[in-house]
Amino acid sequence: MDKRVDKMWSQTKIEQFQKALLEWYDQEGRDLPWRQDHDPYHVMVSEIMLQQTQVQTVIPYYHNFIAKFPTVAALAAAPEAEVLKAWEGLGYYSRARNLQTAAKQVVQDYDGVWPQTAAELQKLQGIGPYTAGAIASIAFGEPVPAVDGNAFRVFARLFKIDADIAQPKSRGIFADVIQQVMPKDRPGDFNQAIMDLGSTYMRAKDPDPAHSPVAAFDQSYLDDVVLDYPVKTKKAKPVVKHYFALGIHSEAGWLFVQRPSTGMLGDLWMFPLINQDDLPESALEAEAIESASAQFAEESGLTLEFANAGAPLVKHTFTHQQWQMTLLTAETPTTTLKYLPARWVPVDQLDSLTLPTVQKKLLAALGLEQK
DNA sequence: CAGGCGTGGAG
DNA sequence: TCTCCAAGCCT
């Protein structure tokens with residue numbers, strides 16, 4: 001029985017809440033790079049970067065990205081490889097490709113004139129209900145909620161809403177409440193104030209509700225049950241996968257292959273990987289690996305060795321998977337590429353490719369980290 | 001709808 | 001070392 005909110009505030013209380021929140025925001029709101037103006041392009045880039053990513057991580061990426069792609073037209077016209085390079089290390093790489101697709105949509109489908117409502121903005125690739133609400137309210141003043149993790153947490157506590165925020169159907173409950181309490185004349189500031197509140201006094205860990213500017217409106221605080229909210233079911237643990245990672249070297253450099261556009265680390269470059277869990281039980285020795293590696297270079301018969309005279313296990317944990325990789329190396333006399341997309345890359349040009357963090361760990365295990 | 005999709009920081 | 005994240009979206 002996920003009940004709706006049983007005690008909505010009076011109009012008077014709503015106005016008092018708005019006043020307390022916005023006066024605090026005007027005084028104490030964070031001065032962030034993307035708050036210099038309300039340019040929809042700036043708002044879009046920052047909001048996409050901020051998805052599942054902390055503010056302090058985003059700031060340097062944002063500066064670099066805007067410097068490199070100053071306008072929506074510049075982003076639309078850029079080579080995809082440059083966009084991915086600007087995203088390197090930020091994670092969730094489909095965001096970068098979707099962001100460029102959205103830029104192309106604005107330029108081509110809308111002739112460079114931004115759609116100005118959340119409903120229209122949500123048609124852009126990579127822009128869902130939250131981001132559409134954020135852009136529409138901040139850049140265009142549309143009175144629509146922007147329901148992100150902060151808004152879920154803040155309003156779950158304010159109203160003691162016990163709907164599970166991990167379930168998509170809960171979004172509407174929160175959106176309805178927010179719609180009722182947001183001021184129609186400052187929707188963008190209101191949504192941003194909620195985010196600031198959710199990252200300070202009403203943060204997930206170690207909150208300080210007593211000193212919140214809206215403490216008097218916080219029912220979870222008044223009832224001393226703050227940490228019971230929001231209600232959120234837990235995610236599954238990462239599945240462990242075992243790989244052989246092949247460091248194949250020639251006079252032309254190291255062999256890299258580009259990952260498929262769909263799925264994990266799409267379009268990024270890595271050493272060839274062989275899924276150890278797929279190999280027959282009897283084939284865990286170098287012979288099996290060698291035969292599998294032949295698909296990546298013209299010449300088979302490579303002699304693979306455990307890197308660094310051992311069996312280094314490189315570990316990397318993603319949201320849903322943990323990779324445990326045994327790093328093997330081989331020297332080959334040929335520089336022919338049998339299957340594309342693949343490239344030989346000299347050590348001094350490693351930074352010309354977009355490499356995921358897991359690949360950087362493999363390079364580090366070979367003593368080849370850059371910078 | 002449930003599951004896939006990265007990373008670095010904090011406790 | 002381990003857990004849980006932090007301004008979600010796509011299929």
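This report covers the fold, the DNA contacts and the charged side chains of a predicted model.

The model is predicted, so local features need pLDDT of at least 70, side-chain atom pairs count only at pLDDT 80 or more, and totals for chains, interfaces and linings use all residues. Residues are numbered from 1 along each chain as its sequence is written, chains are lettered from A and ligands numbered from 1 in the order in which they are written, and side-chain values use heavy atoms, with hydrogens and water left out.

## Overall fold

Chain A has 14 helices and 8 strands. Helices (H or I, at least four residues) and strands (E, at least two) are DSSP runs, numbered from the N terminus. Of the 371 residues in chain A, 49% are buried. Buried means under 20% relative accessible area, exposed means over 50%, and partly exposed lies in between (1.4 Å probe, protein chains only). Contact means heavy atoms within 4.5 Å. Among contacts in chain A with a separation of 6 or more, 67% join residues 24 or more positions apart.

## DNA strand C

A residue is near a strand if one of its heavy atoms lies within 4 Å of it. DNA strand C is surrounded by 26 residues, and the closest are Leu-50, Gln-52, Gly-126, Asp-148 and Asn-150. Sugar and phosphate make up 60% of the strand C atoms that come within 4 Å of the protein. Helix 8 (129-140) and helix 9 each supply at least two residues of this surface. By class, the surface has 9 nonpolar, 9 polar and 8 charged residues. Here Ala, Val, Leu, Ile, Met, Phe, Trp, Tyr, Cys and Pro count as nonpolar, Asp, Glu, Lys and Arg as charged, and the others, Gly among them, as polar.

## DNA strand B

DNA strand B has 22 residues around it. Tyr-93, Leu-265, Thr-319, His-320 and Thr-357 come nearest. Sugar and phosphate account for 57% of the strand B atoms within 4 Å of the protein. The surface near strand B divides into 8 nonpolar, 12 polar and 2 charged residues.

## Polar contacts with the DNA

A polar contact is a pair of N or O atoms within 3.5 Å; within protein, one must be able to donate a hydrogen and the other to accept it, and residues adjacent in sequence count only if both atoms are side-chain atoms. The table lists contacts for both strands.

| Residue | Protein atom | DNA atom | Distance |
|---|---|---|---|
| Arg-30 | side-chain N or O | base nitrogen, strand C | 3.0 Å |
| Gly-126 | polar backbone atom | phosphate oxygen, strand C | 2.6 Å |
| Gly-128 | backbone N or O | phosphate oxygen, strand C | 2.9 Å |
| Gln-52 | polar backbone atom | base nitrogen, strand B | 3.0 Å |
| Gly-89 | polar backbone atom | sugar or linking oxygen, strand B | 3.4 Å |
| Tyr-92 | polar backbone atom | sugar or linking oxygen, strand B | 2.9 Å |

## Salt bridges

Side chains of opposite charge can pair when their charged atoms come close. A salt bridge is a side-chain nitrogen of Lys or Arg within 4 Å of a carboxyl oxygen of Asp or Glu. The count comes to 10 salt bridges.

Arg-30 takes part in one of them. Its side chain meets that of Asp-196, at 2.7 Å from N to O. Asp-196 lies in helix 11 (residues 187-199) and Arg-30 in the loop between helix 1 (11-28) and helix 2 (40-49), so the pair ties together parts that are 166 residues apart in sequence. Asp-196 is buried, at 1% relative accessibility. Arg-30 is partly exposed, at 29%.

Lys-85 pairs with Glu-88, with the closest N and O atoms 3.0 Å apart. Lys-85 is partly exposed, with a relative accessible area of 23%, whereas Glu-88 is buried at 15%.

Arg-186 forms a salt bridge with Asp-189, at 2.8 Å between the closest N and O atoms. Arg-186 counts as partly exposed, at 23% relative accessibility. A network of salt bridges links Asp-26, Arg-186 and Asp-189.

## Buried charges without a salt bridge

For charge, Lys and Arg count as positive and Asp and Glu as negative; His and the chain ends are not counted.

Asp-164 lies in the loop between helix 9 (149-159) and helix 10 (171-181). Asp-164 is buried yet has no salt bridge. The nearest side chain of opposite charge, Lys-232, is 8.1 Å away. The Asp-164 side chain does reach the backbone nitrogen of Ala-166, at 2.9 Å. Leaving aside neighbours within four places in sequence, Asp-164 is in contact with Ser-170, Val-231, Lys-232 and Thr-233.

Arg-153 sits in helix 9. Arg-153 is also buried and has no salt bridge, and the nearest side chain of opposite charge, Asp-148, is 7.3 Å away. Not counting residues up to four places away in sequence, Arg-153 touches Gly-198, Ser-199, Met-202, Arg-203, Ala-204 and Pro-230.
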